[in-house]
Amino acid sequence: MSDIAFSRREALAGLSALSLTACAGTAAPAASSPAPGEGLHAIAQRKGLRFGSAIAYGAEGSDSGSIGNPEYRRIIERECGLVVAENEMKWQAIRPGPDQYNFAAFDAIVRYAKAKGLDIRGHTLLWHRPKWLPEWVNTYDYGARPATEAARLITSHIETVTRRYRGVIHSYDVVNELFDDQTGAFVDTSLSKAMGSHEAVVDLAFHTARAELPGAELVYNDYMSWEPGHANHRAGVLRLLEGFRRRGVPCDALGIQSHIEMRTIDRKTGIGPYDLKEWRAFCDDVTGMGYRLLLTEFDVKDNGLPADYAARDAGVANYTRAYMEVMLAYPQLRDILAWGMVDKYSWLQGFAPRADGLPQRCCPYGDDYRPHPMRAALAELFAGAAPRA
Ligand code: XIL
């Protein structure tokens with residue numbers, strides 16, 4: 001599919017058409033609007049929802065989306081009720097060797113969150129991708145009894161982390177990203193090869209976490225999404241979640257990363273295409289099996305939108321609205337986390353650069369720490385959401 005260049009006029013026209021359709025649609029949102037100055041989490045909380053963001057570690061004064069940046073902290077403290085470490089709890093950060101741990105950076109984030117009364121989610125006990133595992137795991141010599149040794153590496157990791165943060169972290173992404181997103185097949189790591197199957201790895205991870213944390217929320221987290229092209233990925237995730245139920249694996253919820261993207265633009269709506277029917281069927285199947293939902297890493301790629309900032313920000317806000325209206329209709333959804341609050345610190349600037357070289361406007365706040373229309377859209381959506389029990 002080629003990117004469709006869009007003029008500012010077309011984009012804005014598409015947007016008003018979309019809001020008209022939204023108004024003419026089914027139920028109007030509840031007549032409740034955010035109070036001026038109220039933070040996103042405070043608005044969300046009135047409906048039994050929580051809003052949060054990823055945050056990084058940085059030394060005081062650092063120019064990053066981190067606990068070391070006073071301006072970033074101000075936004076986090078104003079808008080969020082929970083945080084998640086962007087990288088600092090991953091194996092690459094805390095497990096420099098088979099029997100070594102380093103919690104310094106993550107502990108600093110935990111101390112910050114506690115001091116500010118913010119909840120903290122654990123991400124992630126196992127990111128099942130060679131690229132995101134420490135090199136020592138990828139080249140590890142598992143010896144004569146590989147399955148036993150792999151199981152030891154996994155259990156010791158999960159026990160060490162969950163014990164250290166017992167009473168502090170109540171929700172974990174136990175396993176992250178198991179699938180090839182094109183085929184929906186499992187991706188191998190040295191751990192799955194040593195254990196003989198992916199199920200052996202994943203089941204062990206969830207059982208170990210549950211044994212340590214009987215009351216915690218245990219989540220499988222992945223980036224299957226609502227855009228065209230995700231059908232195989234969604235099918236793989238569904239098979240996994242069905243398997244969990246059959247085998248009695250203690251997984252409570254699906255973390256939908258929600259890195260939603262507008263690579264191309266649908267001329268009728270002025271925003272990116274999405275497979276609404278298929279996506280709802282997927283979410284219905286997941287919740288139908290008794291899983292809760294979380295949106296764990298929300299941001300919006302704006303690659304298909306025009307360079308013009310006003311048109312782009314309006315498009316991002318409208319795509320956010322379309323997506324969140326669908327997701328907030330699920331009473332099983334309570335937690336919504338942005339993957340960063342300020343554009344310039346977003347991973348997307350490196351991961352999904354625009355063809356015109358301009359920065360992504362993917363987060364609730366711009367580089368000047370002023371809110372984007374996306375932020376107002378989120379506030380309205382949370383204020384209009386049906387209250388959770
Ligand atoms: C990303 C971080 O934002 C980057 O800084 C890092 O280089 C790679 O990981 N899915 C996930 C997150 O589960 O952990 C990823 O975070 C983004 C995609």
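Me: Which residues in α10 meet residues in α11?

Reply: In this predicted model, R234, V237, L238 and L241 of α10 meet E278, W279, F282, D285 and V286 of α11. Sorted by class, the residues of this contact are six nonpolar, no polar and three charged.

Me: How are α10 and α11 oriented to each other, roughly parallel or roughly antiparallel?

Reply: Angles under 35 degrees count as roughly parallel. The axes of α10, residues 231–247, and α11, residues 276–288, cross at roughly 10° and come within 10 Å. The two helices α10 and α11 are therefore roughly parallel to each other.

Me: Is D285 buried, partly exposed or exposed?

Reply: Buried means under 20% relative accessible area, exposed means over 50%, and partly exposed lies in between. D285, which is found in helix α11, has a relative accessible area of 40% and is therefore partly exposed. Among the residues of α11 that meet α10 is D285. The C-alpha atoms of D285 and E159 are 31 Å apart in space, with their places 126 residues apart in sequence.

Me: I should like to turn to a residue in another helix. Where is I154 found, and is I154 buried or exposed?

Reply: I154 is found in helix α7, residues 146–164. Because its relative accessibility is 1%, I154 counts as buried. Leaving out residues up to four places away in sequence, I154 touches L191, M195, V201, L204 and A205. From I154 to L328 the distance is 35 Å, C-alpha to C-alpha, and the two are 174 residues apart in sequence.

Me: Which residues does S192 touch, apart from those up to four places away in sequence?

Reply: S192 touches H128, V187, S197, H198 and V201. V201 is also one of the residues that I154 touches. S192 is found in helix α8, residues 190–195, and counts as buried because its relative accessibility is 3%.

Me: Loops also deserve attention. Where does F103 lie, and which residues is F103 in contact with beyond four places in sequence?

Reply: F103 lies in the loop between α4, residues 91–94, and α5, residues 104–115. With neighbours within four places set aside, F103 is in contact with I94, T160, V161, R164 and Y165. The relative accessible area of F103 is 8%, so F103 is buried. The C-alpha atoms of F103 and D367 are separated by 30 Å, and 264 residues lie along the chain from one to the other.

Me: What does the backbone show that calls for a closer look?

Reply: Most residues other than glycine have a negative phi, and most peptide bonds are trans. In this model the peptide bond from H123 to T124 is cis, with omega near 0°. T124 has its place in the loop between β3, residues 119–123, and α6, residues 135–138.

Me: What is phi of S258, and what is phi of Y369?

Reply: Phi of S258 is near 70°, a positive value in a residue other than glycine. S258 is found in the loop between β6, residues 253–256, and β7, and it counts as buried because its relative accessibility is 1%. Phi of Y369 is near 65°, again a positive value in a residue other than glycine. Y369 is found in the loop between α13, residues 348–351, and α14, residues 373–384. Its relative accessible area is 14%, so Y369 is buried.

Me: Which residues is Y345 in contact with, leaving aside neighbours within four places in sequence?

Reply: Y345 is in contact with D63, S64, G65, N69, Y72 and Y369. Y345 has its place in the loop between β9, residues 333–338, and α13, and it is buried because its relative accessible area is 16%. Y345 and G366 are 21 residues apart in sequence and 9.8 Å apart in space, C-alpha to C-alpha.

Me: A final topic is empty space. What is the volume of the second largest pocket, and how many residues line it?

Reply: Rolling a probe the size of a water molecule over the atoms shows where empty space is left. The second largest pocket has a volume of about 790 Å³. Its lining has 31 residues, of which Y223, H259, K301, W347 and F351 lie nearest its centre. The elements giving two or more residues to this lining are β7, residues 259–261, and β8, residues 292–301. By class, the lining has ten nonpolar, ten polar and eleven charged residues.

Note on methods
Residues are numbered from 1 along each chain as its sequence is written. This is a predicted model: local features need pLDDT of at least 70, side-chain atom pairs count only at pLDDT 80 or more; totals for chains, interfaces and linings use all residues. Side-chain values use heavy atoms; hydrogens and water are left out. Helices (H or I, at least four residues) and strands (E, at least two) are DSSP runs, numbered from the N terminus. Buried means under 20% relative accessible area, exposed over 50%, partly exposed in between (1.4 Å probe, protein chains only). Contact means heavy atoms within 4.5 Å. Axes are lines fitted to C-alpha atoms, for helices over the stretch in contact, and angles run from 0 to 180 degrees between N-to-C directions. Angles under 35 degrees count as roughly parallel, over 145 as roughly antiparallel, 65 to 115 as roughly perpendicular and the rest as oblique. Ala, Val, Leu, Ile, Met, Phe, Trp, Tyr, Cys and Pro count as nonpolar, Asp, Glu, Lys and Arg as charged, and the others, Gly among them, as polar. On a 1 Å grid over the protein atoms alone, a cavity is a set of points where a 1.4 Å probe fits but cannot get out, and a pocket is an open set with protein on both sides within 12 Å along at least five of seven lines; lining residues have an atom within 4 Å of a point. Grid points are joined across faces, edges and corners, and a volume is the space filled by probe spheres set on the points.
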